[in-house]
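Welcome! Here is a short tour for someone meeting this structure for the first time. Please have a look at it before reading on.

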Amino acid sequence: MRKNRFVAVLFTILCALFVLCACEKVEDMGSLPDISKPYTGEYLLQKLTVGGEDFTEKFESVKLNLGYDGKFKLSYAEKEGKRGGYAGEYEVSLEREEITFSANTGLRTVRRTFPMKDGSIFIDLKMGSKLLHAEFAFPS
């Protein structure tokens, strides 16, 4: 009998906490994609061109990791052995199907927004007079 009473009291306390939380409605808690963040994880480079020239084969691997905490890490390994990476923060807008990366470079913060569709991220950047085009996707 004591065990049942304990469970009932615990259940009542949990319900009261839920009712007293800042959320007045279930809708205020956010959507399932907002909570689950299905876009988080490791993306692999699928294509890399600079000025129309294919650079994909020059790399052993290029990985983009989107953490659940809103931080990203881009790491690369060239076939010649050079390794490196970049890190920063990101935000995703599922409604606009885009991702915004921010990273500190010296004393300033650089922000760039790119399209994100069907589990892929498409990056286009001007590098002088050439266009860098990169595509990242979840491994299949």
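A residue is called buried when its relative accessible area is under 20%, exposed when that area is over 50%, and partly exposed in between. Keep these cut-offs in mind, and remember that this is a predicted model.

**Three loop residues**

Let us try the cut-offs on Glu97, which lies in the loop between strand E5 (83–93) and strand E6 (98–105). Its relative accessible area is 41%, so Glu97 is partly exposed. Asp118 belongs to the loop between strand E7 (108–117) and strand E8 (120–127). With a relative accessible area of 72%, Asp118 is exposed. Thr56, in the loop between strand E2 (53–54) and strand E3 (59–66), has a relative accessible area of 16% and is therefore buried.

| Residue | Relative accessible area | Class |
|---|---|---|
| Thr56 | 16% | buried |
| Glu97 | 41% | partly exposed |
| Asp118 | 72% | exposed |

What does the side chain of Thr56 reach at 2.9 Å? The backbone nitrogen of Leu48 is found at that distance. Leaving aside neighbours within four places in sequence, Thr56 is in contact with Gln46 and Lys47 as well as Leu48.

The backbone angles of the other two loop residues deserve a glance as well. Glu97 has a positive phi of about 50 degrees, although Glu97 is not a glycine. Asp118, also a residue other than glycine, has a positive phi near 50 degrees.

**Strands side by side**

Now follow the chain through two hairpins. Strand E4 (residues 71–78) pairs with E5 in the antiparallel sense, over seven bridges. Within this part of the fold, Leu74 stands opposite Tyr86 in E5. Four residues lie between the strands of the E4 and E5 hairpin, where Gly81 takes a positive phi near 110 degrees.

How many bridges join E5 and E6? These two strands pair over five bridges, again in the antiparallel sense. The bridge partner of Glu91 is Thr100 in E6. E5 and E6 form a hairpin with four residues between them, and the residue with positive phi in this turn is Glu97, which we met above.

**The nonpolar core**

Nonpolar side chains tend to be buried together in soluble globular proteins. Here, the largest nonpolar core has 20 residues, and those that touch the most other members are Tyr43, Leu64, Leu66, Ile99, Phe101, Ile121 and Phe136. At least two residues of this core come from each of strand E1 (41–50), E3, E4, E6, E7, E8 and strand E9 (130–137). E1 supplies the largest share, four residues.

Phe101 is a good residue to zoom in on. Beyond neighbours within four places in sequence, its contacts include Leu64, Leu66, Phe72, Tyr90 and Val110. Phe101 is also in contact with Glu89, Arg111, Arg112 and Phe114.

**The largest pocket**

Finally, turn to the open space. The largest pocket holds about 870 Å³. Which of its 26 lining residues are the closest to its centre? They are Leu74, Tyr86, Ile123, Leu125 and Leu132. Leu74 and Tyr86 are thus a pair you already know, standing opposite each other.

Two or more lining residues are given by each of E1, E3, E4, E5, E6, E7, E8 and E9. The largest share of the lining, five residues, comes from E6.

Technical notes. Residues are numbered from 1 along each chain as its sequence is written. This is a predicted model: local features need pLDDT of at least 70, side-chain atom pairs count only at pLDDT 80 or more; totals for chains, interfaces and linings use all residues. Side-chain values use heavy atoms; hydrogens and water are left out. Buried means under 20% relative accessible area, exposed over 50%, partly exposed in between (1.4 Å probe, protein chains only). A polar contact is a pair of N or O atoms within 3.5 Å; within protein, one must be able to donate a hydrogen and the other to accept it, and residues adjacent in sequence count only if both atoms are side-chain atoms. Contact means heavy atoms within 4.5 Å. Two strands pair if DSSP finds at least two bridges between them. A nonpolar core is a set of buried Ala, Val, Leu, Ile, Met, Phe, Trp, Tyr and Cys residues joined through side-chain atoms within 4.5 Å. On a 1 Å grid over the protein atoms alone, a cavity is a set of points where a 1.4 Å probe fits but cannot get out, and a pocket is an open set with protein on both sides within 12 Å along at least five of seven lines; lining residues have an atom within 4 Å of a point. Grid points are joined across faces, edges and corners, and a volume is the space filled by probe spheres set on the points.
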